[in-house]
Amino acid sequence: SAFPDPPNFYTHFTSANITALRSHRQSLNLGPTDSIPADSIPTSSPLHYLIPPPLPSSGSYWSFSEFWQTPERHPSLEENGITRLYSETDEEVAGANRVVELRRLSKSLLLSFLELVGVMAVNPEDYPSKTADLQTILFNMHHLINQYRPHQARETLCLMMEEQLERVRRETDENRAATKRVDEALAEAAKVARKVES
């Protein structure tokens, strides 16, 4: 098969073992979110595999072939070994400066591409330095764009809340209109009933 077999400990996740772990948790007077002390279960017990490992408190770790920082943060360009092309002392660039820097980098990208085309026409063996320049510019642009992510998330939430509010208002208006129609129908029925009685 294309993928390796799962680790053997998945066989320990049975209904009986999960029930046994719940009863063990209750015997220790622990809540559902409290972690079970690892030394309270023998390592030879299959229940040992049902206890998740503790989260790393600091530093870094590997997961699914990816490197993660704790606490989670975006690494700077210098930490990734990339030259920073925009001049900022702090990582967070002001909003207006980001636009200026992105425009400047996009013009540099176009110029570097034209230089690459020229180099390819004259001396194709010299292309690696120009592609490295293009890559550095693109990484810098990507880094600046990623600094907009928190703002984008806030704006997306604001739009979702506005759409939700508009939907609730529309439903409320529809309910009021339906109530008005029902009241009018009841008033008409009352008039008809009075005419029949008289």
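Is Tyr49 exposed, partly exposed or buried, and what is its relative accessible area? In this predicted model, Tyr49 has a relative accessible area of 39% and is therefore partly exposed. The residue sits in the loop between H1 and S1. On the surface, Tyr49 joins Phe9, Tyr10 and Phe13 in a nonpolar patch, and together these four side chains carry about 430 Å² of accessible area.

The loop that follows helix H1 (15-27) and leads to strand S1 (59-63) also holds Asn29. Here the backbone deserves a look: the phi of Asn29 is near 55°, a positive value in a residue that is not glycine. As a reminder, most residues other than glycine have a negative phi. With a relative accessible area of 70%, Asn29 counts as exposed, because that value lies over the 50% cut-off.

Turning to the interior, the largest nonpolar core is made up of eight residues, namely Leu77, Ile82, Tyr86, Leu102, Leu105, Ile137, Met141 and Leu144. At least two residues of this core come from each of helix H2 (95-122) and helix H3 (127-146). Helix H3 makes the largest contribution, with three residues.

A further surface feature is a patch of negative charge, formed by Glu166, Glu171, Asp173 and Glu174. Of these, Glu174 can be placed in helix H4, which spans residues 149-197. Glu174 has 48% relative accessibility, so this residue is classed as partly exposed.

How values were computed:
Residues numbered from 1 in each chain as written. Predicted model: local features only at pLDDT ≥ 70, side-chain atom pairs only at ≥ 80, totals over all residues. Heavy atoms only, no water. Patch = residues over 30% accessible without salt bridge, like charges linked within 9 Å, V, L, I, M, F, W, Y side chains within 5 Å. Areas by Shrake-Rupley, 256 points an atom, 1.4 Å probe, with all protein chains shown as cover. Lys, Arg positive; Asp, Glu negative; His and termini not counted. Charge placed at Lys NZ, Arg CZ, Asp CG, Glu CD. Helix = DSSP H or I, 4+ residues; strand = E, 2+ residues; numbered from the N terminus. Buried < 20%, exposed > 50% of the residue type's maximum accessible area, 1.4 Å probe, protein only. Core = buried A, V, L, I, M, F, W, Y, C linked by side-chain atoms within 4.5 Å.
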